[in-house]
Amino acid sequence: MREPAWRSTTSARLSAAIEVLADIADRRRPAADALKDWGLAHRFAGSGDRAAIASLVYDGLRRRASAAWIMGDDAPRSVLIGMLRLQHGLALPTVAAMFDGSRFAPEPLSEGERERLANGSLDDAPPEIAGDAPAWVLPALQGLLGDDLLPELRALGRRAPLDIRINALKLDRDAALARLTHLAPEPTPHAPNGLRIPIGADGRGPALHVEPEFIEGLYEIQDEGSQLATRLSGAKAGETVVDLCAGGGGKTLGLAALMKNEGRIVATDADPRRLAPIHERLRRAGAEAEIRTPRAGRLRADVLTDLDGSVDRVLVDAPCTGTGTWRRNPDAKWRLRPGSLALRVAEQAQTLDRAAELVRPGGRIVYVTCSLLPDENDEAVTGLLKRQRGRFGAIDTARIIAEEAPALAPFVRLTRHGLQMSPALTGTDGFYVATLERRD
């Protein structure tokens, strides 16, 4: 018998979101995988429906702990109901109208759910509940953020903005503003080549990857924090620069624009699969870089040995826990475990040690993470400085800001060795940047 047609309504989307959240909880799987499987099993749902369901699911994950607290229950249905109040600001009558038990809609609210939805409060909730974060990371975040802990956690629970970086190899930001008026962009607050594109109430923005200007290579989709991290690298025209953890190439493209295609950029990554998109992105942007791809397999030859001791600047956009990107990846915070942090810390030490071999005397390592955890940031830098026994020193971060982005100074936290951007203070993802100089 043919499955009855699924009706596209807000109530039906809520039912689907509850189903997906249950799948995520039961199978402990990434949200993207669960959403993909739901879409494959419900091909009759349109792209707009799938996007709206994804927004509901991600908002539910953003407020999973606080929504469960006010509802007194952590079941997917309860999380979604609580989220509609906390994240979307919906009152009891509005929520009750969507939970009416009609075809494809969730069952009507119980008396207990109504009471909780109307009167549940976060007034007595501990920080990990009010801030929707794993309790075990809070001591480290408290040490970094102090009294700003809860505001920053709440900022990490909001939707991220949609930013693009204008490709300075092809046009400047003023010209881009004139070309992109149909997208209603505004200049980003801090990054000189960034534009912010409005998103809808459902969290969706325009399909930027199909715009003619994107296809022409006039812009890349990139968070303002990532743009600023590249600028703070201080890369100069004529230098030899290695992007040691290049991945898909976002910062490689930024370096090429910063250096005006004058100099030598070598991009590589320990995982050759991550480099796959970089070739097309370079072609589209008109950016010049040399890509060195390690061979697949367990025994991968080092593809950079000929550069040892000769590189002016090494950018290390290190693999990390991604705690600074929880606005975009809210399910990642609930899957994060202490063992994952320990693994990343070990990888960061190995990558920094390799960077140290590449740098010439007087050259620099620019260490970047999208993390807020000191173990991955200042402590990683401290570890390298100890292992190098005086060969490297951290450059004063206030000096770096003054040289590369002076207007940014009031909007970052200075740490022992570097700077920390964050959603509440900077309006960006949580990026850490430190600059080390070889002094022997």
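## Two helices that cross

A crossing is called right-handed if the near helix is turned clockwise from the far one by less than a right angle, and left-handed if anticlockwise. In this predicted model, helix H9 goes past H10 in a right-handed crossing. Two numbers are handy here, since a packed pair of helices is described by the angle between the axes and the distance between them. For H9 (residues 138-145) and H10 (residues 149-156), the angle is about 115 degrees and the axes are 9 Å apart. Angles from 65 to 115 degrees count as roughly perpendicular, so that's the label H9 and H10 get.

Who does the touching? On the H9 side, look for Leu138, Leu141, Gln142 and Leu145. H10 brings Leu149, Glu152 and Leu153 to the contact. Sorted by character, the residues where H9 meets H10 come out as 5 nonpolar, 1 polar and 1 charged.

## The largest nonpolar core

Now for the core. The largest nonpolar one has 35 residues, and the members that touch the most others are Val57, Leu80, Leu84 and Phe99. Seven helices turn up with two or more residues each: H1 (10-27), H2 (31-41), H3 (47-62), H4 (64-71), H5 (76-86), H6 (92-98) and H8 (127-130). The top contributor is H1, which puts in 7 residues.

Leu80 is a good place to zoom in. Leaving aside residues up to four places away in sequence, Leu80 touches Leu14, Ala17, Ile18, Leu21 and Leu56.

## A second core

There's also a separate core, made up of 33 residues. Among its members are Ala191, Leu232, Ala235 and Val412.

## Two loop residues with positive phi

Which way does phi go at Phe104, positive or negative? Phe104 isn't a glycine, yet its phi is positive, at about 70 degrees. You'll find Phe104 in the loop between H6 and helix H7 (111-119). Is Phe104 buried, partly exposed or exposed? Its relative accessibility is 22% and the buried class stops under 20%, so Phe104 counts as partly exposed.

Lys260 is another residue other than glycine with a positive phi, in this case near 60 degrees. Lys260 sits in the loop that runs between helix H14 (250-258) and strand E6 (264-268). With a relative accessible area of 57%, and exposed meaning over 50%, Lys260 is therefore exposed.

Methods: Residues numbered from 1 in each chain as written. Predicted model: local features only at pLDDT ≥ 70, side-chain atom pairs only at ≥ 80, totals over all residues. Heavy atoms only, no water. Core = buried A, V, L, I, M, F, W, Y, C linked by side-chain atoms within 4.5 Å. Buried < 20%, exposed > 50% of the residue type's maximum accessible area, 1.4 Å probe, protein only. Helix = DSSP H or I, 4+ residues; strand = E, 2+ residues; numbered from the N terminus. Contact = heavy atoms within 4.5 Å. Axes fitted to C-alpha atoms, helices over the stretch in contact; angles between N-to-C directions. Parallel < 35°, antiparallel > 145°, perpendicular 65-115°, else oblique. Nonpolar A, V, L, I, M, F, W, Y, C, P; charged D, E, K, R; others polar.
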